[in-house]
Amino acid sequence: MTTQTQTTLPQNRWNDAEAPSGDGLASLAYRSRLLGSDRTLVNIYGGNTSTKSTEKDHLGRDVTVLWVKGSGSDIASITEKGFAGLKLDEVTPLFARAAMSDEEMTAYLDRTAFEVGRPRQSIETLLHAFVPAKHVDHTHPDAIIAVACTPNGPDIMREIYGDRAAWVDYIRPGFTLSQQIGAAVRDNPGLECVVMGKHGLVTWGDSSKESYEKTLRIIGEAQAYLDAHQEAAPFGGAAVSSVPEAERGALLERVLPILRGAMKGARPVILNLDASPDVMEFVNSKAAATLSQVGAACPDHLVHTKRTPLYLDWTPDQGADALERAAKAGVERFRTEYEAYFNENKSDGDVMFTPSPRVVLIPGLGMVNSGPDAMGADVSRQLYLRAIRVMKSASSLGGFVSLSAAESYAIEYWPLELYKLSLKPAPKALEGHVALVTGAASGIGRAIAHRLSADGAHIVIADLNLDGGTAVAEDLTAQRGFRRATSVGMNVTEEEQVRGAYSHALLAYGGVDIVVNNAGIASSAPIEETSLEMWNRNQSILSTGYFLVAREAFILMKRQATGGNLVFIGSKNSVAAGKNAAAYSTAKAAELHLARCLAEEGGAAGIRVNSVLPDGILAGSSIWDGKWRAERAATYGIDPDKLEEFYRNRTTLKVNVLPEDIAEATFWLASPAAAKTTGGVITVDGGVPIAYVR
Ligand SMILES: [Zn+2]
C-alpha cells in the first residue's frame, strides 16, 4: 500500500545578509554550519565540505588551496580554524596513481599542508580534490542513505535523477573511492551528484551558495520520492503497545541498573533514554527484532552505535521480573556475538572494544543509548534515530541492506578511525561515573559537586533547597557541558524522598556510582538546654538521614553489580567530644560508626565506605548561619559578621579549613586512586590534630 505522507523537504537557511563576503574559507565555514544545522543532512562529527581558493603563500606567490574539513570537528559548529588547507597542485597528481594505502595517502597529504598548525585533513579529503569543482559537499542525508541502502538503489536513483546522478558501490573511504568519484564526475559533464552505496552523497557548485542550494535540491528530490512511496506501516505494524506513562518509571528502574552494570568496560557509562514517537513506532513494531539486526545505516554511525543494537526479547505483558531476565540474557548474548564478530574479522594487533551494546531497544519502553559521557550517549541516540528513519524509508523502497560484518569491522577497527580516537585527551579519573551528593546546594556539598565534576563525574545534586540545587546544577552544566549535572529536591529524613532522588538519578544517567552523604545541620547548647526537639532533629538528619541515603545506595549498587563508593562527611565531633554540642556530636559519632559498619558489609560487593572528618569549616558553609554563628561569635567576643575573617586569620593555629579542602579529600576517596581503601577516615583539620589526638 502506498500513501502520500507529509513532505519534509530540507529548508534553505542561506541568508545573504549573514553570509560572509567572498567565496573562500569564511564562506565555506558558513555553508558548513548551515548544512550541519539540519541533522537530517549530515551526521554529528561526520560529513565534510571543501572550497578551492587562491591564497598568497609565505613568499607572496599565488597558490590554489584546498580547504577541507579537518578531522575531529563537528560541521554544525565548525569555524575557519577547523579546516585543513592543502596545496591543491601537489594533491591532484595523485589522481593518476593506480593505488595508494591509507598510510601512504595520509603521509603524502600531511606534506602538502599550506599552513602549519591546522588540523589533520578529513579521511575523505581526496574526493574533494578529485572532483573538479570549486565547492564540494559530502553529506550523509537520511533521504539519500535510504536509497543507498536498498537492494535496487541504483535503479531508484536513476528513477529520481535520470542521468544527472552516478552511483558508486560501497567500499571503505580512501584513495580508491575518491578516485572512482572523481572519475565519475570528470567523465560525465552533465552530472549533478554522486550517490555512494550504503554511505552518502557528493554534490558540488561554482559558488558556496550554489553548492549549498544544489545539495538541498538533490536531497529534496530524493525526499519527495520517498514521501510519495512511503508505506503506511513500513515496519509491518505494531506488535506491542507503548507502556502507559504511569508504569514506565518502575520498569525502567528495574532494567537500567542491570543494563548499565553490564555495559561497564574499563569505566562506567552514562545512559540516555528516548521514547519519542519515531523510536516507539520502531521498537514496538513487528519488524524491529529482525530489521534492527541487519546492520548500521551508514559507516559513520558504527563508531557510536556498534554494528547492531541489542533488541530485548521481551513484551510488556511479561512484567518486570521477565524484563530483568531478558536484559541479563540479552547483554550476555550480545557479548558472545560481538566476541565472535571480533574473532572472525580481527587482524594482528587489534584490541577488542568493550563487547557491550551502545544501543538497546526495548519493546514498549523505547531506546537506551550508552556513551562515555552524556554527550557520547546522545550522539549514539541521534545517530540511531537517523538509522530508524533510513530503515523506515528503505523498507518502503524494497528493503534495507547494510554493510556486511567484514565491511563493518573494517570501519569499526579502521586504523584511521582509531587515530581519531587517539587524539582525544585521556579520560579523567571519574569520567562515566555518576555521583549523588546530598546537601549540595551550598557550602561543602557544592564544593564537592564542583570537585567531582571537574574530574569527569556526572552530578546529581540532592538538596532540600531545590532552587539552590538547580542553580548549582546549571552552573556545572555551563562549565562542564551537556547534561553534566541535574538536581532533585530531597529531605534526607523522608524515606520516599530519598527513594525518589535515586529514581531521578537512574532516569537521568542510568545509575549511581558515588554517593556523598553530606547534608547536615549544626547546633550547640549545654545539655540542660538541649531540647528533645533539638536532640531528635540531629539524630534524624545526621544519623537516620545518612542511613536512608546509604541503604538506597547499597540496594542500587548491588543491582548494578559494579561495586560503588560512599563517602560520609562527618566532623571532628565524630570522634572528639564536643562541649555544649552533645546532640550534634552524638549524631556525628553515630554517622561515623554507620560508615564503618557499612564498609564491613559492602566489602564483598566492592562497595567502599569512607569518611572525611572536617574541623574549622568556614566560608560558604551554610551551617554557619543563624544561631550557630551568633554563638561562635559570642564565644570569641567578636561581631558575628567577622567570624569568617576571624577564623581565616587564626593562622597561628592553622585552623583555616575551606570547603574546597574537604572536597579534595572526598574526591580522593571517591576516585580509583583510593580503590584499596575502605572503612577509612581522613581528617581535614588544617594541620592541627589536637581534636583527634587528645
Ligand atoms: Zn562519508
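User: In which loop does K306 lie?
Analyst: The model is a predicted one. In it, helix α12 covers residues 299-305 and strand β9 covers residues 310-311. K306 belongs to the loop between α12 and β9.

User: What sign does the phi of K306 have, and about how many degrees is it?
Analyst: Most residues other than glycine have a negative phi. K306 is not a glycine, yet its phi is positive, at about 60 degrees.

User: Is K306 buried or exposed?
Analyst: The relative accessible area of K306 is 8%. Residues under 20% count as buried. K306 is therefore buried.

User: Is A561, in the loop between α20 (532-560) and β16 (564-569), buried or exposed?
Analyst: A561 is not a glycine and has a positive phi of about 60 degrees. Its relative accessibility is 62%, and the cut-off for an exposed residue is over 50%. A561 therefore counts as exposed.

User: Which residues are the protein donors of the zinc ion?
Analyst: The donors lie 2.1 to 2.4 Å from the zinc ion. In sequence they follow the spacing E-x13-H-x1-H-x58-H. One donor contributes an OE atom and the others contribute NE2 atoms. The residues are E124, H138, H140 and H199.

User: How is the geometry of the zinc site classed?
Analyst: The angles among the four donor atoms run from 86 to 170 degrees. A tetrahedral site needs all angles between 85 and 135 degrees, and the upper end of the range here is 170 degrees. The site of the zinc ion is classed as irregular.

User: How many residues apart are E124 and H140, and which loops hold them?
Analyst: Both E124 and H140 are buried. E124 sits in the loop between α3 (102-110) and α4 (125-130), while H140 sits in the loop between β4 (135-139) and α5 (142-148). The pair thus links distant parts of the chain, and the two residues are 16 residues apart.

User: What handedness does the β-α-β unit of β13, α18 and β14 have?
Analyst: Strand β13 (residues 458-463) pairs with β14 in the parallel sense, over five bridges. In that pairing A462 stands opposite V488 of β14. Helix α18 (residues 466-480) completes the unit with the two strands. The unit is right-handed.

User: How many residues of strand β14 are buried?
Analyst: Strand β14 spans residues 485-489. It is largely enclosed by the rest of the structure, because the buried residues number four of the five.

User: How far apart are the end C-alpha atoms of helix α14?
Analyst: Helix α14 (residues 374-397) has 24 residues, of which 21 are buried. At 1.5 Å a residue, the helix should span 34 Å. The computed distance agrees with this expectation, the end C-alpha atoms being 35 Å apart.

User: Which residue follows α14?
Analyst: The residue after α14 has a positive phi, near 130 degrees. It is a glycine, G398.

User: With which side chain does the side chain of D57 make a polar contact?
Analyst: D57 is found in the loop between β1 (48-56) and β2 (62-69). With a relative accessible area of 12%, D57 is buried. Its side chain makes a polar contact at 2.8 Å with the side chain of R61.

User: What percentage of the residues in the chain is buried?
Analyst: The chain contains 25 helices and 18 strands. Its C-alpha trace spans about 100 × 70 × 50 Å along the principal axes. Of the 694 residues, the buried share is 56%.

How values were computed:
Residues numbered from 1 in each chain as written. Predicted model: local features only at pLDDT ≥ 70, side-chain atom pairs only at ≥ 80, totals over all residues. Heavy atoms only, no water. Donors = N, O, S within 2.8 Å, 3.2 Å for Na, K, Ca; no water. Tetrahedral: all angles 85-135°; square planar, octahedral: opposite > 155°, others 65-115°. Buried < 20%, exposed > 50% of the residue type's maximum accessible area, 1.4 Å probe, protein only. Pairing = 2+ DSSP bridges. Right-handed = clockwise from strand over helix to strand, strands pointing away. Expected span 1.5 Å × (residues − 1). Polar contact = N/O pair within 3.5 Å; in protein donor to acceptor, adjacent residues only side chain to side chain.
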